[in-house]
Each structure stands twice: as C-alpha cells, then as structure tokens.
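I sat down with this one and a cup of coffee to see how the fold is put together. My notes follow the order in which I looked things up.

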Amino acid sequence: MIRPHHFCSNPETSGDNAFQTLSNRSAMDTSQAAMEEFDSAVTLLQSAGVTVHVFDDTSTKTPDSVFPNNWFSTHIGGHIALYPMFAANRRKERRQDVIEMLKLNYRVQDVIDYSGLEQDNLSLEGTGAMVLDHISRIAYTVQSNRADPVLLERFCTHFNYEPIAFEAKDAFGNDVYHTNVLMGIGTEYALICLDMIVDPTRRATVAQRLEESGREVIDLNQDQISSFAGNAMELTGNRRLLALSARALDALSPSQITTIERSATPLPLTIPTIETAGGSVRCMLAGVHLTARERITP
C-alpha cells in the first residue's frame, strides 16, 4: 500500500473514469483527509492479521499513487509483472524500491516488464484492468483504453491465463474504465454486475464460467457498483476477510452479506475522500502472492 501525501482526484484520468468526483474542499484538506483514511485502513487491516507493506509517496506529481495495483502484480511461482499505464502522470508511480522490498522478503524468480510499451501507446493497467481468477486461470477484462487486447493476450500467454474480454457500460452509457469496479472474485463467491456487460451472449458466458468455478454469483445492481460494492478484495489475515469500503458494505443487501459471510468476514474501511479519485479498497491493495523467504534468527 502507498501512503499518499498529495492526494487529489487525477485530472488526467477524469475523461474516461466516470467514478471520479470533484471535492469541494481545499487541496490541503483533501490530501490530509486521504492520509488519515489511509492510515486508519492500514491499522484495521493489520489488526485483522493482514501483513501490510507500507511505502510513502511524497511526490506532488502522482495523485493516484494510492492505487498501486495498476502498475504491478505478483504471482505464485515467484513472478512479478510491471504494467504500462494510460495516463502520463500515472507512469511516474512505478518505483524500484517496492520491487526490491519484494525481492528481499519473498522468493522472486523473474520480473516481466511490459511498461516500455507505453512508448507505443499501449496500456494494460494490472489488476484494475484484469480481474484474475487464479484457480480457473481466467483473466476477466473489460474492453477499454486501459486494456489493450494485444497486450492482454501477451500477458495471458506469459502467465497462463485464458482471456475473457467484454464490453461494459454503466446506466448512463459510459464505458467502464476498469474491470475491478465491476467485479471481484473470492474463494467461494464472485461479486459482479452482470447487467453492465453489454452483449447478452458474453454476459451469459461470464456468468457460466464463474458458476463452473464453483463460486456463488452475487449479482450486483448498478447502484451498488456506483458505491464500489464490486471493488473488494479477499485477504488472508487471522481469518478469511473481504476488504471493502464502508460505503460498499452499506450498499449490499442482507442476503448478499449473508452469502459472503458463509466464506469470509467483511472488513469495511472508511475511505470517502480516496473514493473521489474513482477507485476504492481493491484499488488500494496490490496483493502479494509470493512465497515468503525463511528468515534465520541469529
């Protein structure tokens, strides 16, 4: 997780991110509120037994740094991927010290770097652009300028995923910019707004593949998606958890929460300021799927 010291709603991404909103507070107040929300979220995650690696971002030129899942991902077997970003100022979020920390504390076999393809105006924004089913090896991907189809195929070939791409729009006809605002996959359930998938055949295929994986499909409505109910991430702490925002949890129905609770304990984080940037809890978490190194105590 990256602590933002100069957070704001990124003007370079507002053109295609319909989830972004403007704050009526000063830049200083907005930045301070975001840091307080971040620190509270970290404390809650740690108190639930989640291992959290925190880095500080002091740059004034990376307003979306709090969302690191877009520029890198980690994978079982010791693999790391670095991704090309669509917005120019988001490309400055990549940092070598994060990768070096992972190499120091976890077994890393290789780092596959796609970021040079930004020079060809190609982007694939990590686990924002792709929602990965690590068990069934499927990369669910909304078609957008944040997910180039050629690069998606290249990633899937490297990492052994099957790409399932589809067009998705909100109730106002806006293209969905990232897949992880539309859906999230847990161990025994999947959160998704099927109604936002434009093509009926593709919609049925996505639902079928999720059901075939043995997961119960929790079909969200568009109002729930607007409250970031799909932007959640299952974590391992002192028990299985579903990290999501307090706003997202409030948007879920009692029956939907009951379904989740059969498998995981919801862990709501209060981040209303951070959500003005168009992302929520899932976007704040770059998951670590690497094997920890054994430390020998002197």
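These entries go through the sheets, the helices on them, the cores and a couple of single residues.

**Entry 1: what I am looking at**

Note to self: this is a predicted model. I keep that in mind for everything below.

**Entry 2: the 6-7-8 sheet**

I began with an open sheet of three strands, in the order 6-7-8 and with mixed pairing. Which strands stand at the edges? I found strand 6 (130-133) and strand 8 there; each has a single partner strand, so one side of each has no neighbour in the sheet. From one strand to the next the twist averages 20°.

Strand 7 pairs with strand 8 in the parallel sense, over five bridges. To get my bearings I looked up Ile 138, which stands opposite Glu 162 in strand 8.

Then I checked what packs on this sheet. Helix 4 (residues 149-159) touches strand 6, strand 7 and strand 8, and its direction makes about 155° with that of strand 8. Helix 5 also packs on the sheet, touching strand 7 and strand 8, at about 140° to the direction of strand 8.

**Entry 3: the largest core**

How many residues does the largest nonpolar core have? I get 39, and Tyr 140, Phe 166 and Val 206 are those with the most contacts inside it. Elements giving two or more residues to this core include strand 7 (138-142), strand 8 (162-166), helix 5 (200-212) and helix 8 (254-261). Strand 10 gives the most, with four residues.

I followed Tyr 140 outward, ignoring neighbours within four places in sequence. Its contacts include Ala 129, Met 130, Ile 164, Phe 166, Thr 179, Val 206 and Leu 210. There is also a second, separate core of 25 residues; Phe 7, Val 42, Val 66 and Val 281 are among them.

General reminder for the margin: in soluble globular proteins, nonpolar side chains tend to be buried together.

**Entry 4: Thr 179**

Thr 179 turned up in the list for Tyr 140, and I wanted to know where it sits. Thr 179 lies in the loop between strand 8 and strand 9. Is Thr 179 buried or exposed? Its relative accessible area is 0%, so I put it down as buried. Leaving out residues up to four places away in sequence, Thr 179 touches Gly 128, Ala 129, Met 130, Val 131, Tyr 140, Thr 141, Val 142 and Phe 166.

**Entry 5: the 12-13-14 sheet and helix 1**

Next I turned to another open sheet of three strands, in the order 12-13-14, again with mixed pairing. Strand 12 and strand 14 stand at the edges, each with a single partner strand, so one side of each is left without a neighbour in the sheet. The twist here averages 35° from one strand to the next.

Strand 13 and strand 14 run parallel, joined by five bridges. Ala 243 stands opposite Leu 267 in strand 14. Helix 1 packs on this sheet and touches strand 12, strand 13 and strand 14, with its direction at about 160° to that of strand 14.

I checked the length of helix 1 (residues 27-47). At 1.5 Å a residue its 21 residues should span 30 Å, and the end C-alpha atoms are 30 Å apart, so the two agree. Buried residues of helix 1 include Thr 30, Ala 34, Glu 37, Phe 38 and Val 42. I noted Val 42 in the second core as well. The cover over the buried residues of helix 1 includes strand 1 (2-4), strand 14 (265-269), helix 9 (272-275) and helix 10 (281-284). After helix 1 comes Gly 49, whose phi is positive, near 90°.

**Entry 6: strands 4 and 5, and Gln 109**

Strand 4 (residues 79-82) and strand 5 (residues 110-113) pair in the parallel sense over four bridges. His 79 stands opposite Asp 110 in strand 5. I traced the chain from strand 4 through helix 2 (residues 96-105) to strand 5, and this β-α-β crossover is right-handed.

Where is Gln 109? I found it in the loop between helix 2 and strand 5. Gln 109 has a relative accessible area of 58%, so I marked it as exposed. Not counting residues up to four places away in sequence, Gln 109 touches Gly 77, Gly 78 and His 79. Last lookup: the C-alpha atoms of Gln 109 and Ile 164 are separated by 27 Å, with the two residues 55 apart along the chain.

How values were computed
Residues numbered from 1 in each chain as written. Predicted model: local features only at pLDDT ≥ 70, side-chain atom pairs only at ≥ 80, totals over all residues. Heavy atoms only, no water. Core = buried A, V, L, I, M, F, W, Y, C linked by side-chain atoms within 4.5 Å. Buried < 20%, exposed > 50% of the residue type's maximum accessible area, 1.4 Å probe, protein only. Contact = heavy atoms within 4.5 Å. Pairing = 2+ DSSP bridges. Right-handed = clockwise from strand over helix to strand, strands pointing away. Expected span 1.5 Å × (residues − 1). Axes fitted to C-alpha atoms, helices over the stretch in contact; angles between N-to-C directions.
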